[in-house]
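Colleague: Before I plan anything at the bench, I'd like to go through the labels on this one with you. Can we take them one by one?

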Amino acid sequence: MQLNAITRKSALMAILLLVAILAAVAVRYVVAPFGVEMSDCEYRERIISIVLAMFLLLCCGIVEGKMLPRSGLSSGYCTLPIPLYGLLACGVFVAPNILETATVSLCFAVAMHLLLRSLHSAEEKDSVFFAAILLGVTTLLYPPCVVLVGVIPLAVFILALSLRQVLLMVVGYLLPLFGASYIMWYRGDDFLQLGRNLVEALSTPQMGDIANIPYLSIVLVSVVAVVLIWGGVYAVVRPDKMFMLVRVRRALYLFLWVSFLSMTMLLLPSCNLSVCAVVAVPITILLSFVLSLLPNNHSTIAYWLLLALFVLHLFVE
């Protein structure tokens with residue numbers, strides 16, 4: 001059996017590997033949390049919250065596994081996104097308020113999965129509407145996700161949405177915000193109180209002991225960045241025939257720009273470790289695409305290097 005066969009040809013093995021990653025991270029977080037993780041959260045998470053969060057992250061990993069073939073970014077059957085999502089979402093850091101973070105990541109992943117349907121059907125309406133609703137929900141749960149409103153214009157230009165689809169996305173995004181504002185108004189608050197709360201939350205610094213970020217976290221993120229750059233150079237030097245398909249190029253551009261957009265959350269004062277699970281959604285697809293595009297021996301080395309660094313990171317900061 002090839003070293004990379006367990007997660008390229010077997011969905012069951014990929015899911016089991018994701019379960020193992022999530023279980024290892026949960027145990028590490030309970031037994032020996034990193035200092036930067038504790039500085040962002042005043043109270044320790046309850047066990048039930050951690051268990052529920054890991055279940056949601058498992059569901060998100062499975063959604064990620066469905067996104068890659070739907071986007072057409074893999075020339076064959078590939079389940080790499082499933083374990084890679086777990087590695088990126090919580091293998092580097094475990095975010096404070098882990099249950100809320102897992103919910104935000106799942107909403108974002110499902111929204112991207114729904115948007116991909118418009119690649120195959122130009123008149124898709126329900127999917128873009130519900131995708132926009134989920135993007136609006138992410139802002140309510142995690143205010144820095146307000147930058148994800150930029151997904152709407154990206155989808156308009158990259159996916160060539162019709163005017164009706166654009167209106168549905170705008171209405172869908174605003175619907176959770178207006179709904180929450182109405183509930184607060186019904187309870188006796190000002191109708192604009194939600195907007196003021198969001199502005200206050202966005203302007204309040206939350207990142208804690210950033211000076212003591214574990215060295216292996218930096219190494220792990222650096223390896224991911226190097227692999228992505230390596231894959232980008234390889235795609236330019238030796239372009240694959242799949243790039244001839246318009247829908248494949250659109251999917252690649254969508255995930256590329258959404259990745260840059262999600263990383264702008266790092267510029268907000270309110271950004272904290274929860275950003276890892278959000279950024280992991282588009283980066284997982286790009287990383288899986290790169291590993292499936294590179295020569296087999298190159299991608300195998302990169303893949304197992306990431307897993308080895310993750311295991312080492314469990315025991316060493």
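Modeller: Sure, and let's start with burial: buried means under 20% relative accessible area, exposed means over 50%, and partly exposed is in between, with a 1.4 Å probe and protein chains only. Cysteine 145 has a relative accessible area of 0%, so by that rule cysteine 145 is buried. Keep in mind that this is a predicted model, where local features need pLDDT of at least 70, side-chain atom pairs count only at pLDDT 80 or more, and totals for chains, interfaces and linings use all residues. Residues are numbered from 1 along each chain as its sequence is written, and side-chain values use heavy atoms, with hydrogens and water left out.

Colleague: How do you know how many disulfides the structure holds?

Modeller: A disulfide here is a pair of cysteine sulfur atoms within 2.5 Å, and the structure holds zero of them. For cysteine 59, the nearest cysteine sulfur belongs to cysteine 60 and is 8.6 Å away, so cysteine 59 is in no disulfide. Cysteine 145 is in none either: its nearest cysteine sulfur, that of cysteine 107, is 9.3 Å away.

Colleague: And is cysteine 59 buried or partly exposed?

Modeller: Cysteine 59 has 24% relative accessibility, so it counts as partly exposed.

Colleague: What makes aspartate 190 and arginine 196 a salt bridge?

Modeller: The rule asks for a side-chain nitrogen of Lys or Arg within 4 Å of a carboxyl oxygen of Asp or Glu. Here the N to O distance between aspartate 190 and arginine 196 is 2.6 Å, so the pair qualifies. The count by this rule comes to one salt bridge. Aspartate 190 has a relative accessible area of 40%, so it is partly exposed, and arginine 196, at 41%, is partly exposed too.

Colleague: Why is helix H4 called mostly covered?

Modeller: Helices are DSSP runs (H or I, at least four residues; strands are E, at least two), numbered from the N terminus. Helix H4 covers residues 81-90, and 10 of its 10 residues are buried. Among them are Pro81, Tyr85, Gly86 and Cys90.

Colleague: What do the buried residues of H4 pack against?

Modeller: They pack against helices including H1 (11-31), H3 (47-71), H10 (215-237) and H13 (296-315).

Colleague: Where is glutamate 37, and why is it called buried?

Modeller: Glutamate 37 is found in helix H2, residues 35-39. Its relative accessible area is 0%, so glutamate 37 is buried. Contact means heavy atoms within 4.5 Å. Setting aside neighbours within four places in sequence, glutamate 37 is in contact with Arg28, Tyr29, Phe93, Val94 and Leu273.

Colleague: What joins the side chains of serine 217 and histidine 313?

Modeller: A polar contact of 2.9 Å joins them. The term means a pair of N or O atoms within 3.5 Å; within protein, one must be able to donate a hydrogen and the other to accept it, and residues adjacent in sequence count only if both atoms are side-chain atoms. Serine 217 lies in helix H10 and has a relative accessible area of 2%, so it is buried.

Colleague: Which side chain does threonine 139 make a polar contact with?

Modeller: That of tyrosine 173, at 3.0 Å. Threonine 139 lies in helix H6, residues 126-141, and is buried because its relative accessible area is 2%. Leaving out neighbours within four places in sequence, threonine 139 is in contact with Cys145, Val146, Tyr173 and Leu198.

Colleague: Why is alanine 160 called partly exposed?

Modeller: Alanine 160 has 47% relative accessibility, so partly exposed is the label. It lies in the loop between helix H7 (151-158) and H8. Alanine 160 also has a positive phi of about 55° although it is not a glycine. Most residues other than glycine have a negative phi.

Colleague: Last one: where is leucine 268, and what is it in contact with?

Modeller: Leucine 268 is in the loop between helix H11 (246-263) and H12. Its relative accessible area is 24%, so leucine 268 is partly exposed. Aside from neighbours within four places in sequence, its contacts are Pro144, Val147 and Leu202.
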